[in-house]
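Hi,

Here is the model we talked about, for you to open alongside this note. Could you have a look and then read on for what turned up?

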Amino acid sequence: MSSLFKTVVLGAVSAALLVAAPTPVPAQEASLSEATQACLECHSGATPGIVADWRNSAHARTTPESALQKPAMERLFSAPKVRKEFQGVAVGCAECHTLHPRQHQDTVEHDAFQVHPVVSPADCAACHPAEASQFDKNKMAWAYPDLMGNPLYLDLVDHINGEYRLEKGTLEYSRPNPETQADSCLFCHGTKVEVKGTIERETDWGEFTFPVLTGWPNRGVGRLNPDGTKGSCSACHTRHAFSVEMARKPAACAECHKGPDVPAYNVYGVSKHGAVYENMSKDWDFKAVPWALGRDFSAPTCAVCHISLTVNPEGEVINQRTHRMNDRLDTRIMGLIYTHAQPKHPDTSRIKHKSGLTLAVDLEGNPAAEFLITPAEQEKNREAMQRTCLGCHSRSWVEGHFRRLENTIKTTDDSTKTATRLLQAAWKEGLAQGPDQGGSPFDEPLELKWVEQWLFYANSTRFASAMMGADYGVFERGRWKMHQNIKEMAEWLNLHRALKQK
C-alpha cells in the first residue's frame, strides 16, 4: 500500500469519526451498594433520564471516603467521618432515598425497601452537615414561613393569586386555591409537602405503593418537608446530578430571581460582569474547588459573590464557602417597602414593629432595630462582599461603587416614602380603604400602584445599582417608572378629591 493511499484512507476514516463521534461515556462509577444496584435494575428503564444524570454525577464516580481524604480546601464533604453504611460505595439511589425512613412521613415499602421520595436537607447532611446547618440559618430556608406566616405578605399573596369575577356588574374576589398558590409564589418560596395516604399503582414492574403528597412536586428553597425540615438543596443543585458547575452558573438562580420583584438575573445580563460571562465563560473551569479568581474564572457570577469558596491564583482565601446567603450582605434591598439592615434571624415573620405591623420598617420609615443586625455587623458583611470586588478592582473603584449604591438606597426609599404619603392621604380622606378602615392595602387601584412603586421599580433601581447594570435601573423598571408612578398616584388622588367634592 502506497504512502499516498494510506494517507487518503486514514484521512477519510478520521473524517468519518469526526462526523459520527460516539456518545460520550460517563466516567467509571465507584462500587455500588446492593440496594442501589436493585434500584437501577428497574429505574434504568423506568426513569432513564434520572439515572443518566446520576451516572454523570460526582456522587456516582466517587465514594464518601475518597471525598473525605481530599485536602481541606478541595473538600466538599464536610462530615467528620463517613457513615458505616456509606463505606466503600458511591452515593446512589438508596443512600439518599432510604436514609431516614422513620423520620419521613412519606416513607413507603417499595420492592422490599423503605423508600421516601422526598430528599431533604437532613438527608444531605449525612455528608454535608456544615452546608445544611448554614442553609438552615439562611432566609431562603425560611422562605415559606417568611411569606405565609406574615399576615401582611400573605394578604399580598392572596390578592396576587386570587380570582376576580364580574357578578352583576361588580367585581367579586375569592381567595386562591392551594394549587394556584403552589404554581405561583410557592413555586420558589416552597410548598408544605404533606402525606395524605397512599395509592396502589400498577407499573411495568408490578404493583407498587406510592405516597399521596400535597404540595408536590416542588423544589422551592423554603419547602416544608415530610421529615419536618425546611428547604430543598435541589433548588440550586438540580436533581440528580447535583452539579457544582450548574449551581455556579447564573441560570441556576434565574429560575426565581428574574421577575420584576427580584430582577437580579435580568440586571446581571446587561451588566459588564454579565457581558464578560456571556463571552468568556466557555473557557472557565466551573468544577474547580477551591475556585480561583484569575485562573478558573474572570468575572463574578451569583455564586462568586454570595456562596463559593474563592481564592486568588496563589491559593489565598478571598471568601470562605457559605450556604447562608446573607453572610456577605449588609442591607436587604428586595421585596420590601423600605430597605433595612439584614435581620438577626432568618424567620422574618417573627418581626413585630411597635406600630403593630409585621414589618422591619413601618410606613414612616422607622426600623424595628431590635430585630436587625447592628451597624458593626453590617460593616463586617459589607467587607466580605468587597473582598470579592477587590480581587479585580482598586479600592477607590470599590468605594465609589458602594457610595453610589448607598445613594440609590436613600433615593429609592425617599421615592417610596412619597408614594406612601399619597396613599396614606387617600386612606385618611376616605378615598381608599386601608388597614385602619378594615380594608386590604393591596386591592384598590391606588394601592396597586403603591405596591409597584416599591416591589418593582425601587427594587429594580437598587438591583441595577448594586450589580452595575445601570441601564435596567433607568427606563426598564427603574427611575423613569418610579417618577411616572408617583405623578400618576398624585393625579389619581387629585381626581378623586375633585369627584368627592361634587
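Lys449 is buried, because its relative accessible area is 19% and the cut-off for buried is under 20%. Its salt-bridge partner is Glu488, and the closest N and O atoms of the two are 2.6 Å apart. This pair ties together distant parts of the chain: Glu488 belongs to helix α21 (residues 479-501) and Lys449 to helix α20 (residues 445-466), with their positions 39 residues apart. Glu488 itself counts as partly exposed, at 33% relative accessibility. Elsewhere, Asp330, Glu379 and Arg382 are joined into one network by salt bridges that share partners. Before you go further, keep in mind that this is a predicted model.

How many salt bridges are there by this rule? The count comes to 16. As a reminder of the background, side chains of opposite charge can pair when their charged atoms come close. Two other pairs that I looked at:

- Arg83 with Glu85, where the closest N and O atoms are 2.7 Å apart. Arg83 is partly exposed at 28% relative accessibility, and Glu85 is partly exposed at 44%.
- Arg324 with Asp327, where the closest N and O atoms are 2.4 Å apart. Arg324 is partly exposed with a relative accessible area of 23%, and Asp327 is partly exposed at 26%.

Staying with charge, the protein carries 55 positive and 60 negative side chains. The centres of those two sets lie 6 Å apart.

There is also a negative patch on the surface, and Glu200, Glu202, Asp204 and Glu207 form it. Where does Glu200 sit? Glu200 is in strand β5, which covers residues 194-203. Why can Glu200 be part of a patch? Patch residues need over 30% relative accessible area and no salt bridge, and Glu200 meets the area cut-off because its relative accessibility is 45%, which makes it partly exposed.

Next, Met73. You will find Met73 in the loop between α5 (64-68) and α6 (93-97). Is it buried or partly exposed? Met73 is partly exposed, with a relative accessible area of 30%. Leaving aside residues up to four places away in sequence, Met73 touches Val289, Pro290, Leu309, Val311, Gly315 and Val317. Gly434 is another matter: it is 361 residues from Met73 along the chain, and the C-alpha atoms of the two are separated by 55 Å.

Now the overall picture. The protein has 21 helices and 11 strands. Along its principal axes, the C-alpha trace spans about 100 × 60 × 50 Å. Of the 502 residues in the protein, 44% are buried. The exposed area is about 26400 Å², and carbon and sulfur atoms supply 56% of it. As for contacts with a separation of 6 or more, 57% of them are between residues 24 or more positions apart.

If you only have time for a few views, I'd start with the Glu488 and Lys449 pair across helices α21 and α20, then turn to the negative patch with Glu200 in it, and finish at Met73 in its loop between α5 and α6.

Cheers

Notes
Residues are numbered from 1 along each chain as its sequence is written. This is a predicted model: local features need pLDDT of at least 70, side-chain atom pairs count only at pLDDT 80 or more; totals for chains, interfaces and linings use all residues. Side-chain values use heavy atoms; hydrogens and water are left out. Patches are made of residues with over 30% relative accessible area and no salt bridge: like charges are joined within 9 Å, nonpolar side chains (Val, Leu, Ile, Met, Phe, Trp, Tyr) within 5 Å. Accessible areas come from the Shrake-Rupley method with a 1.4 Å probe; for residues, only the protein chains shown count as cover. A salt bridge is a side-chain nitrogen of Lys or Arg within 4 Å of a carboxyl oxygen of Asp or Glu. Lys and Arg count as positive and Asp and Glu as negative; His and the chain ends are not counted. The place of a charge is taken as NZ of Lys, CZ of Arg, CG of Asp or CD of Glu. Helices (H or I, at least four residues) and strands (E, at least two) are DSSP runs, numbered from the N terminus. Buried means under 20% relative accessible area, exposed over 50%, partly exposed in between (1.4 Å probe, protein chains only). Contact means heavy atoms within 4.5 Å.
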